[in-house]
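Welcome, and thank you for taking a look at this protein with us. Here is a short guided tour to read beside the sequence and the 3D view.

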Amino acid sequence: MRNAALMDLIDQLRYFTPLDVIAVIYLIAAWMVLGYIIETPPKSRISTSVLVAQYRRGWMVQMTTRKPRIFDATILSTLREGTSFLASACLIAIGGGMAAISNAERLSDVASELALDTPRVIWEVKILLALFFVTNAFLRFIWSNRLFGYCGVVMASTSNDEADPQALPRARKAGELNITAARAFNAGLRGIYFALGALGWLFGPGGLLVATTLTIVILLRREFWSSSRQILMREDA
C-alpha cells in the first residue's frame, strides 16, 4: 500500500521539469547570496543596512547622557512593536497557506478548467515553497523581538553618569545587540520579499524566474541605489 502511494507520488512529480528545478535553485541561491552581500557588503559599496548600523551605535552612545530616556525607550518600543506586528502577519500567512494546501483540489479544478493537467501535489509543493520563506521570516521576527528586549535591558542597566567606567562599554554592548536585532529583522523582511517571489511559481517556472529576478532588483536597489542611502552617505555639516 505504501509502495503504491510512493510510486504514485513519484509519478506525479514527473510534472516538474528541469526548468522548474533550475528556477527553485535560482530562488534559494539568490536568497542566500543576497543576504550575505547585504550584511557583508564590499567597502566600496556599503549597503543601507550597514550604514544604519553605524547610527545605531551612535544612538546608544548618545543615550548615556540623555535625561530622561523617554525618547530612547519609545523608539525601542516602536521597533519591538514592528517585529511583533510582522510576526503576527506571518502567522496569519502561514495559516492561510496551510488552508490553501488543504483545499488544493480547488486549484486543481481551476487548472483542469484551463486545460492544465496538473495534479494536486504540484500545487501543494509550490505553496510549501512560499511557506518556507514565510516561516523563516516568522522565526527571524521572533528572534529580533527578543534581541530588542535584551537591548532594552542593557540600556536600563547603563548609567547616566559619564564618569561611570561601565557606562560607555555597556552602551556599546547595547548598540551591538541593537544591530544584531536589526539584522534579524532585515532578514525577516527579505524572507517576505522572497515568499512573494516564490508565488510566481504558480504561473510556472518562467513566472518563478521572472519573480525572483524582480525581487533581486528591488532589494539591490533599496540597499545600494536608493535615495535613502544617498542621504545617509552625506557628510554631516
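Arg 183 forms a salt bridge with Glu 39, and in this predicted model their closest N and O atoms are 3.4 Å apart. Arg 183 sits in helix α7 and Glu 39 in helix α2, so the pair ties together parts that are 144 residues apart in sequence. Helix α7 covers residues 167–198. With a relative accessible area of 39%, Arg 183 is partly exposed. This arginine also has Ser 49 in its surroundings: the two C-alpha atoms are separated by 7.9 Å, although their positions lie 134 residues apart along the chain.

The pairing does not stand alone. Glu 39, Arg 183 and Arg 190 are linked in a network of salt bridges. Side chains of opposite charge can pair when their charged atoms come close.

How many salt bridges does the count come to? The count comes to 4. The table shows three of them, including the pair just described.

| Salt bridge | N to O distance |
|---|---|
| Arg 183 and Glu 39 | 3.4 Å |
| Arg 57 and Glu 176 | 2.7 Å |
| Arg 66 and Asp 72 | 2.8 Å |

Take the side chains of Arg 57 and Glu 176, which meet in a salt bridge. Arg 57 belongs to helix α3 (residues 48–63) and Glu 176 to helix α7, so this pair ties together parts that are 119 residues apart in sequence. Arg 57 is partly exposed at 39% relative accessibility, and Glu 176 is partly exposed at 38%.

Now for Arg 66 and Asp 72, whose side chains also meet in a salt bridge. Is Asp 72 buried or exposed? Asp 72 is buried, because its relative accessible area is 0% and buried means under 20%. Arg 66 has a relative accessible area of 26% and is partly exposed.

Let us step back to the whole chain. It contains 9 helices and 0 strands, so reading from the N terminus the elements run α-α-α-α-α-α-α-α-α, with helices defined as DSSP runs. Of its 237 residues, 39% count as buried. Among contacts in the chain with a separation of 6 or more, 79% come from residues 24 or more positions apart. The chain exposes about 13900 Å², and carbon and sulfur atoms supply 66% of that area.

What lies inside? In soluble globular proteins, nonpolar side chains tend to be buried together. The largest nonpolar core here has 27 residues, of which Leu 27, Leu 129, Phe 133, Phe 141 and Phe 194 touch the most other members. Two or more residues of this core come from each of α2 (18–39), α4 (70–102), α6 (120–156), α7 and α8 (205–224).

Leu 27 gives a good view of how this core is put together. Which residues is Leu 27 in contact with, leaving aside its neighbours within four places in sequence? They are Leu 129, Phe 133, Phe 194, Ala 198, Leu 208 and Thr 212. Apart from the largest core lies another, of 12 residues, with Met 60, Met 63, Leu 76 and Cys 151 among them.

Cys 151 leads us to the cysteines. At 0% relative accessibility, Cys 151 counts as buried, and Cys 90, at 4%, counts as buried too. A disulfide is a covalent bond between the sulfur atoms of two cysteines. A search of the whole structure finds 0 disulfides.

Finally, the outside. Met 32, Val 33, Tyr 36 and Ile 37 make a nonpolar surface patch of about 410 Å². Met 32 lies in helix α2. Is Met 32 buried or exposed? Met 32 counts as exposed, because its relative accessibility is 56% and exposed means over 50%.

Another residue to find on the surface is Glu 81, in helix α4. Glu 81 is exposed, with a relative accessible area of 52%. Its C-alpha atom is 8.2 Å from that of Asn 145, while the two residues are 64 residues apart in sequence.

Terms used:
Residues numbered from 1 in each chain as written. Predicted model: local features only at pLDDT ≥ 70, side-chain atom pairs only at ≥ 80, totals over all residues. Heavy atoms only, no water. Helix = DSSP H or I, 4+ residues; strand = E, 2+ residues; numbered from the N terminus. Buried < 20%, exposed > 50% of the residue type's maximum accessible area, 1.4 Å probe, protein only. Contact = heavy atoms within 4.5 Å. Areas by Shrake-Rupley, 256 points an atom, 1.4 Å probe, with all protein chains shown as cover. Core = buried A, V, L, I, M, F, W, Y, C linked by side-chain atoms within 4.5 Å. Disulfide = S-S within 2.5 Å. Patch = residues over 30% accessible without salt bridge, like charges linked within 9 Å, V, L, I, M, F, W, Y side chains within 5 Å.
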